[in-house]
Amino acid sequence: MDRLRNPKRPSVSELIEKMPLLETILFQYPTWIPIIVDIKSIQQWRDWSNEIPDFENRITATKNAGSDEEPNEDNIVSLLFRIVMACCAFWFLFGKYLPFG
């Protein structure tokens, strides 16, 4: 998200690497993203990625090439975020029924 706040144009490799994650986050958290990032910068990234010839095929090739890699930091952070959010939701919904709540 910090990178989206930077007005500098990303490199082609950075767009190919990060656009799938950005689109996934936008799909999963559509109301949260506009709070932390300007929508104009997201649209700018989309426009830049559309300027890349054969962009979709490059993303697929990148994903297939990296399928044997270890989980990256973004996946771990996303998993930890989901665990914390699930715990908060559980506490919010059922906290008054817990012995320490």
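Two rings of Phe, Tyr or Trp (for Trp, the six-membered ring) count as a pair if their centres lie within 6.5 Å. With that cut-off, Tyr29, Trp32 and Phe81 come out joined by ring pairs into a cluster. Keep in mind that this is a predicted model.

**The aromatic cluster**

Across the whole structure, a search turns up 3 aromatic pairs. One of them is Tyr29 with Trp32, an edge-to-face arrangement with 5.6 Å from centre to centre and 75 degrees between the planes. Trp32 also pairs with Phe81, and here the rings are stacked, at 6.1 Å centre to centre and 25 degrees between the planes. That second contact links distant parts of the chain: Trp32 sits in the loop between helix 2 (12-28) and helix 3 (33-36), while Phe81 belongs to helix 6, 49 residues apart.

How covered are these rings? Tyr29 has a relative accessibility of 22%, so it counts as partly exposed. Trp32 is partly exposed too, at 36%, and Phe81 falls in that class with a relative accessible area of 33%. Partly exposed here covers the range between the buried limit of 20% and the exposed limit of 50%.

**Salt bridges between helices and loops**

Now for the charged side chains. The whole-structure search gives 4 salt bridges, and the table shows some of them.

| Salt bridge | N to O distance |
|---|---|
| Glu14 and Arg3 | 2.9 Å |
| Arg9 and Glu51 | 2.7 Å |
| Arg46 and Glu23 | 2.9 Å |

Take the bridge between Glu14 and Arg3 to begin with. Glu14 lies in helix 2 and Arg3 in helix 1 (residues 2-5), so this pair ties together parts that are 11 residues apart in sequence. Are these two residues buried or exposed? Glu14 is buried, with a relative accessible area of 15%, and Arg3 is buried as well, at 18%. Arg3 and Glu14 are also part of a network of salt bridges that includes Lys18.

The salt bridge between Arg9 and Glu51 has an N to O distance of 2.7 Å. Arg9 is in the loop between helix 1 and helix 2, and Glu51 is in helix 4 (residues 39-51), so the contact ties together parts that are 42 residues apart in sequence. Arg9 is partly exposed, with a relative accessible area of 43%. Glu51 counts as exposed because its relative accessibility is 52%, and the exposed class begins over 50%.

Then there's Arg46 with Glu23, whose side chains meet in a salt bridge at 2.9 Å. Arg46 is in helix 4 and Glu23 in helix 2, so to speak two distant parts of the chain linked by the pair, 23 residues apart. Both ends get the partly exposed label: Arg46 has 29% relative accessibility, and Glu23 has 30%.

**A nonpolar patch in the open**

Which residues form a nonpolar patch on the surface? They are Phe90, Trp91, Phe92, Leu93 and Phe94, and together they have about 620 Å² of accessible area. Trp91 of this patch lies in helix 6, which spans residues 73-94. With a relative accessibility of 52%, Trp91 counts as exposed. Helix 6 is also where Phe81 of the aromatic cluster is found, with Trp32 as its stacked partner.

How values were computed. Residues numbered from 1 in each chain as written. Predicted model: local features only at pLDDT ≥ 70, side-chain atom pairs only at ≥ 80, totals over all residues. Heavy atoms only, no water. Patch = residues over 30% accessible without salt bridge, like charges linked within 9 Å, V, L, I, M, F, W, Y side chains within 5 Å. Areas by Shrake-Rupley, 256 points an atom, 1.4 Å probe, with all protein chains shown as cover. Helix = DSSP H or I, 4+ residues; strand = E, 2+ residues; numbered from the N terminus. Buried < 20%, exposed > 50% of the residue type's maximum accessible area, 1.4 Å probe, protein only. Phe/Tyr/Trp six-rings, centres within 6.5 Å; stacked < 30°, edge-to-face > 60°.
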